[in-house]
Structure formats: C-alpha cells, structure tokens
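User: I would like to learn how to read the main features of a protein model, one at a time. Please give the general idea before each case.

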Amino acid sequence: MIFRQLYDAQSSTYTYLLGCPESREAILIDPVYEQFNRDAALLRELGLRVRYTLDTHVHADHVTAAWKLKQNLGADIALSARYAIPEVDIALGDGDVLSFGNHSVTALHTPGHTVGCMCFVTRDRDRVFTGDALLIRAAGRTDFQGGDVHSMWRSIREVLFALPDTCLVYPGHDYNGRTVSTIGEEKRFNPRIGGDAREEDFVGYMNNLGLPHPRLLDIAVPANLHCGKPAFDAAAPEPAWAPIVTSFAGVPELEPDWIARHLDDVMLLDVRTPAEFNGDLGHVDSATLIPLDELRDRLEEVPRDKPVTVICQSGKRSAMAVQILQKAGVERVANSSGGMLQWVRLGLPHRTR
Ligand SMILES: [Fe+2]
C-alpha cells in the first residue's frame, strides 16, 4: 500500500494518504483546507485518484478540505452518520468498509471526544487512524462538542485496545513531534489510560486538563458542519492570471506551451549563464537574461506590472528564482515546467546561434 503521513504546522494536524499501487485509487484521512494544493500536487505526482475523503470527526481546530477535494477532484465525502450533515456522501456507521483498489479501511465508532468520532483501521489491522480518540501518550479532550469521558474510556479500552498490540497508531494530532505509536505501547505507557489505570483515574485526569478552547473553534466547527464548504463560494483566491499548477515542492508551474502563447503578456526571465543563453539549447527571442547568481542584486529589473515566468535549463534553478522573486514581493510568478530542455523538446519557437 502507498502510505504518506502529512503535517499541517498551523494546527499540528496529521493528514494521511493511503493508496492502492495497482488501481491507483486513494483515500485521504483528515485533509486540511489550507493544504489542498499540497495534497492535490502529491496525488498528481504519485499518479493517484482520490476516491474518498474521510474525516475522523467534526474538527474544532482546523477546517476540513473534504468539500474542496470533492469540488476539484471528485472525492466522495465520508463522515460518521451521527452528525447528520447533508453535504456528506457516505454517512458511516460502525463496521462500514471503504475500499480503494485492493485495499480498504473499516470505520470504528469511537465516541468520547465528540459524539461522532470514528477511527479507521486497515484491512490487515496493521494501522489504525485514531483521530482525536487515542493520541500518542494522551487522549483527545472530552470537555466540549458533546464529548463524554466515559464514552472515551470505553472507546479506547474496549475498541482500540482490542486491536493487535503490533497495530501502528497514527493520531490526528501531535503537539510534540511524535508521529506514530503502537497499540501495545499505548496499553503499557499511555499515562492517562494505559497500564493499571481504572475508569475513575481516567475521569479524574481528563476532568482536570484545564485546556483553553481551540483558537479556531468558532470558525472551524461551523465550517466543518458543512464539510468545509466556504460561506462565500466566489471568494476563491486561486491565481487567476494563468493555469498554474503548484507542485508538491510548493513551486507554481506553467506548461511551456502556455507561456509560448502568452509571451506578449508575461515577462520571460531566463536565469541561466550567458554562455548557456547563447549555447546549444539557444534561448527564447523575447527572454530577458538575468543569471540566478545576480538575481538578488538586480530585482529592480523585474517588472511588477506584468506576470513573470522563469526559465532555466531543466527547471531547477528557475524554481529557486521563483522563490527569490516571491520573497521579494512578486506575486504573479511561475516556473516554466521542464526548462529550455522541455521547451525545445516541444518544438516551441527559440533562437540558436
Ligand atoms: Fe478534534
């Protein structure tokens, strides 16, 4: 199985990508709205089609990307039936199975943090995605959103701790840089609910956490009750000047044939050396040459009133140039995908010696 653990630093949220190497079908667990471009780029680069998004629960600390992934990539939205949310495509009950190619996950009803919390366990029971139920050496808070500490006790002790000891535990969050644990490890070492803990010990611990309310509570919960659908659809802040695709590395890229058709409207900045500019690959007639090494000192030569596209030999140095220009406040900037090598390969107009 293809597996990636992704991280949103703002909310300390883990998003999980699971994919089938044969069918190329994938699922995303707990995707974050602001990370849509990152996740879409990873799916594209790995050649995967996202079939479902699964949220472990209605989150209070970040907005889900479920709706955005549905709108843009056609992923069906799966969430516990307990929340009765109309935007949900697949209202999950305990034991429901979601397949992606030759793989699947089973939903486990594990209330406590909220009434509708679910964990997702892989078919081989070798990985469980625990959301905000069982955390690494901790457990999700139970003091708001219909939380209930006694339900949490039962969910962890009776449902999650019944999984094999070797089953890897992937939580929804970690605030201390821990990425993975196992059921056996948490049974022994979880300071809230592991070892010899009894229900009254757990209740006493959880009722005295004294946590502040999440910063985004008032924004995240209402948005997540509509699967992350923005209140104002029209306010899509995507770069509109060109069909930009942002890579998983975070670089805005354009196909060279688009640039070739729009050379009157954009600046084409070539950041190779003069020797390369006048060398075998040649250069585009209207290109402006500023070698990468000089770019930081010659920023005033880059216009602010038209978009900038950047090219080099293979697209690597120009990606660095894009970052330099972005840092300098150039907002409309993109990398020419594949550089001059791709430009020439596509037979686009250029001049050689
Ligand atoms: Fe949560």
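**Reading the fold**

Analyst: Of the protein's 353 residues, 43% count as buried. A residue is buried if 20 or more other C-beta atoms lie within 10 Å of its own, exposed if 12 or fewer, and partly exposed in between, with C-beta atoms placed from the backbone. This is a predicted model: local features need pLDDT of at least 70, side-chain atom pairs count only at pLDDT 80 or more, and totals for chains, interfaces and linings use all residues. Residues are numbered from 1 along each chain as its sequence is written.

User: What box do the C-alpha atoms fill, and which domains does the assignment give?

Analyst: Taken along the principal axes, the box is roughly 80 × 40 × 40 Å. The domain assignment gives domain 1 (2–224) and domain 2 (245–345); such bounds come from an automatic or database domain assignment. The C-alpha centres of domain 1 and domain 2 lie 41 Å apart. As a single pair, Asn190 and Val284 are 94 residues apart along the chain, and their C-alpha atoms are separated by 62 Å.

User: How many helices and strands are there?

Analyst: The protein has eleven helices and 20 strands. Helices (H or I, at least four residues) and strands (E, at least two) are DSSP runs, numbered from the N terminus.

User: How should I read a sheet, and in what order do the strands of the sheet with S1 come?

Analyst: Strands of a sheet pair through backbone hydrogen bonds, either parallel or antiparallel. Here, two strands pair if DSSP finds at least two bridges between them. One open sheet has six strands in the order S1-S2-S3-S4-S5-S6, with mixed pairing. Its edge strands are S1 (2–8) and S6, each pairing on one side only. From one strand to the next, the twist averages 20 degrees. Angles run from 0 to 180 degrees between N-to-C directions, and axes are lines fitted to C-alpha atoms, for helices over the stretch in contact.

User: Which strands in that sheet pair antiparallel, and which parallel?

Analyst: S1 and S2 (residues 13–19) pair in the antiparallel sense over seven bridges, and Phe3 stands opposite Leu18 in S2. S4 (residues 49–54) and S5 run parallel and are joined by three bridges; Thr53 stands opposite Ile77 there. The chain crosses from S4 through helix H2 (residues 66–73) to S5 in a right-handed β-α-β crossover. Right-handed means that, with the strands pointing away from the viewer, the path from the first strand over the helix to the second runs clockwise. Three bridges also join S5 to S6 (residues 90–92), again in parallel, with Leu79 partnered by Ala91 in S6. S5 (residues 76–80) is mostly covered, as four of its five residues are buried.

User: What does H2 touch, and what covers its buried residues?

Analyst: Contact is the idea to use: two residues are in contact if their C-beta atoms, placed from the backbone, lie within 7 Å. The buried residues of H2 are Ala66, Trp67, Lys68, Leu69 and Lys70. Their cover includes S3, helix H1 (36–46), S4 and S5. H2 is followed by Gly74, whose phi is positive, near 75 degrees.

User: Where are the edges of the sheet with S7?

Analyst: That open sheet has six strands in the order S7-S8-S9-S10-S13-S14, and its pairing is mixed. S7 (97–100) and S14 (181–182) stand at the edges with a single partner strand each, so one side of each is left without a neighbour in the sheet. Inside it, S8 (residues 103–109) and S9 (residues 118–122) pair in the antiparallel sense over five bridges, where His109 has Met118 as its bridge partner.

User: Which residues touch the most other members of the largest nonpolar core?

Analyst: In soluble globular proteins, nonpolar side chains tend to be buried together. A nonpolar core is a set of buried Ala, Val, Leu, Ile, Met, Phe, Trp, Tyr and Cys residues joined through C-beta atoms within 7 Å. The largest has 62 residues, of which Ile27, Cys119, Phe120, Val128 and Leu160 touch the most other members. Apart from this core lies another, of 25 residues, including Val302 and Ile311.

User: Which phi sign should I expect, and where is Arg125?

Analyst: Most residues other than glycine have a negative phi. Arg125, not a glycine, has a positive phi of about 55 degrees, and lies in the loop between S9 and S10 (127–131). Arg125 is partly exposed because 14 other C-beta atoms lie within 10 Å.
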